[in-house]
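I opened this notebook page to record what I looked up in one protein model, going from the whole chain down to a single residue.

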Amino acid sequence: MNFEEIKELVEIISTRNVNEFELERAGIKIRISKNQPLAAAAPAPLNSLTPPAVGGGAGTVVTQPAPAAPTASPGSVLAPADAEEEGLLLVKSPMVGTFYAAPSPESPPYITASEEVSPGKVLCIIEAMKLMNEIECEVSGTVVRVYPENGQPVEFGETLFSIRPR
């Protein structure tokens, strides 16, 4: 890539609702990221994951202190609001796209409920505008629930996973 192509990429990204973009071509890797100010009234999250990029990235995690709430029984289904009350980290979709639990239809899912995860572990793929964006975990813990079904469209900010941190 030459300078003009990179400059054009920066201009395109800056006019779109994209916070981070990464491109790797012929051994050259380019990453473009927008700085976003934090809201002054919002408390700082325990762990904030960055939006995904082509070939790597992560979702957004929202945390809430755990009140003394009863834990869910193994067969129960937790809504995102209930998961927050139980002190679980919620991994949110950083973009609008299609949720894929596995790298291909024949492959097993990246993760399943009750599976242990660690930072860097790929959780899923969000396809947006023909780009496959891997969503990576940035915390250690246990996956409590996978919310969307494979192939389901997801919205920006929609809960993808709940994780019980270690």
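The entries below follow the order in which I looked things up.

**Entry 1, the whole chain.** I noted at the outset that I was working with a predicted model. I counted the elements and found 2 helices and 11 strands in the protein, and reading from the N terminus I wrote their succession down as α-β-β-β-α-β-β-β-β-β-β-β-β. I then turned to burial, where I found that 36% of the 166 residues are buried. For the exposed surface I recorded about 9800 Å², with carbon and sulfur atoms supplying 56% of it. Among contacts with a separation of 6 or more, I noted that 57% join residues 24 or more positions apart.

**Entry 2, an open sheet.** In what order do the 4 strands of the open sheet lie? I read the order as E8-E7-E5-E10, with antiparallel pairing. The edges are held by strand E8 (131-136) and strand E10 (153-154), and since each has a single partner strand, one side of each is left without a neighbour in the sheet. Looking inside the sheet, I found that strand E5 (residues 97-100) and strand E7 (residues 122-128) are joined by 3 bridges in the antiparallel sense; for Thr 98, I recorded Glu 127 in E7 as the bridge partner.

**Entry 3, strand E4.** I next looked up strand E4 (residues 89-92), which runs antiparallel to strand E11 (residues 159-165) and is joined to it by 4 bridges. One residue pair I wrote down here is Leu 90 with its bridge partner Ser 162 in E11. Side chains in a regular strand alternate between the two faces of the sheet. In E4 I found Leu 89 and Val 91 pointing one way, with Leu 90 and Lys 92 pointing the other way, and I noted that all of them are buried, the lysine included.

**Entry 4, Ser 93.** Is Ser 93, in the loop between E4 and E5, buried or exposed? I found a relative accessible area of 1% for Ser 93, and because buried means under 20%, this residue is buried. I then checked its polar partner and recorded that the side chain of Ser 93 reaches the backbone oxygen of Met 95 at 2.5 Å. Leaving aside residues up to four places away in sequence, I listed what Ser 93 touches: Ile 126, Val 154, Glu 155, Phe 156, Gly 157, Glu 158 and Leu 160. Of these, I matched Ile 126 to the residue range of strand E7, Val 154 to that of strand E10, and Leu 160 to that of strand E11.

How values were computed: Residues are numbered from 1 along each chain as its sequence is written. This is a predicted model: local features need pLDDT of at least 70, side-chain atom pairs count only at pLDDT 80 or more; totals for chains, interfaces and linings use all residues. Side-chain values use heavy atoms; hydrogens and water are left out. Two strands pair if DSSP finds at least two bridges between them. Buried means under 20% relative accessible area, exposed over 50%, partly exposed in between (1.4 Å probe, protein chains only). Contact means heavy atoms within 4.5 Å. Accessible areas come from the Shrake-Rupley method with a 1.4 Å probe; for residues, only the protein chains shown count as cover. A polar contact is a pair of N or O atoms within 3.5 Å; within protein, one must be able to donate a hydrogen and the other to accept it, and residues adjacent in sequence count only if both atoms are side-chain atoms.
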